[in-house]
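Thanks for making the time this morning. I would like to walk you through one structure, taking the cysteines to begin with and then turning to a helix.

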Amino acid sequence: MLQFPDHAREMRKGEEDAVDALLKIAFDTNDEANLVHALRKSGDIAGETVLPMGERIVGYYALSKMVGPNGWLCLAPVAIAPDVQGRNYGLRMMGMLCEWAKLSSQTVVVLGAVPFYERAGFSLAQARKLTTPYPIGHTMIVGNDADAPTGTLIYPKPFAKLD
């Protein structure tokens, strides 16, 4: 019988190990788990969301506070367990996040696969005038009503270790 996930929700205390395990299998490296540890330690995490399925965590994303522009958030990492990929769980999680960002006028930045994130609601065109230390061709935003805001993206310090 096919099992379906519960609703995405805030990560709860005590689920850190399950999230670490998910990040390690989803990315086949410790880099993303180490990034999350560093973001937690620095106090830069604004929120962590999980997608439970029974006793497992099969989906996860973190939002962190951008240094600049003030009040913006960045999305990273996003992970779906490999054995449930292809079922649109990640797209649904990102779609819910994008809807929240639009309704709350909260700007969220993501660096990633353009076709996936644009399907969820992020905009590559809207980010075109931003200055970023990462490839602008993979930088997208959601939640900002401006046609194409200008500004310099300054990520929390733990992201510098990924360069």
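**Cysteines, and the sides of a helix**

The sulfur of Cys-74 lies 14 Å from the closest cysteine sulfur, which belongs to Cys-98, and that is too far for a bond. I should say straight away that this is a predicted model, so please hear every value as computed from it. A disulfide would need the two sulfur atoms within 2.5 Å, and by that rule the count comes to zero disulfides. Seen from the other end, Cys-98 is likewise in no disulfide, its nearest cysteine sulfur being that of Cys-74. As for their surroundings, Cys-74 counts as buried, at 1% relative accessibility, and Cys-98 counts as buried too, at 1%.

Let me move on to helix H1, which runs over residues 16-27, has twelve residues, and reaches 16 Å from its first C-alpha to its last, close to the 16 Å expected at 1.5 Å a residue. Which residues of H1 are buried? They are Val-19, Asp-20, Leu-22 and Leu-23, and because they cover an arc of only 165° around the axis, they sit on the same side of H1. In general, an α-helix has 3.6 residues a turn, so residues three or four places apart point the same way.

The buried residues of H1 pack against helix H2 (31-42) and against three strands, S2 (45-53), S3 (56-65) and S4 (73-80). On the face turned away from that buried side, H1 carries the exposed residues Asp-17 and Ile-25. Finally, just after H1, Asp-28 takes a positive phi of about 60°.

How values were computed
Residues are numbered from 1 along each chain as its sequence is written. This is a predicted model: local features need pLDDT of at least 70, side-chain atom pairs count only at pLDDT 80 or more; totals for chains, interfaces and linings use all residues. Side-chain values use heavy atoms; hydrogens and water are left out. Helices (H or I, at least four residues) and strands (E, at least two) are DSSP runs, numbered from the N terminus. The expected span of a helix is 1.5 Å times one less than its number of residues. Buried means under 20% relative accessible area, exposed over 50%, partly exposed in between (1.4 Å probe, protein chains only). The arc is that of the directions from the helix axis to the C-beta atoms. Contact means heavy atoms within 4.5 Å.
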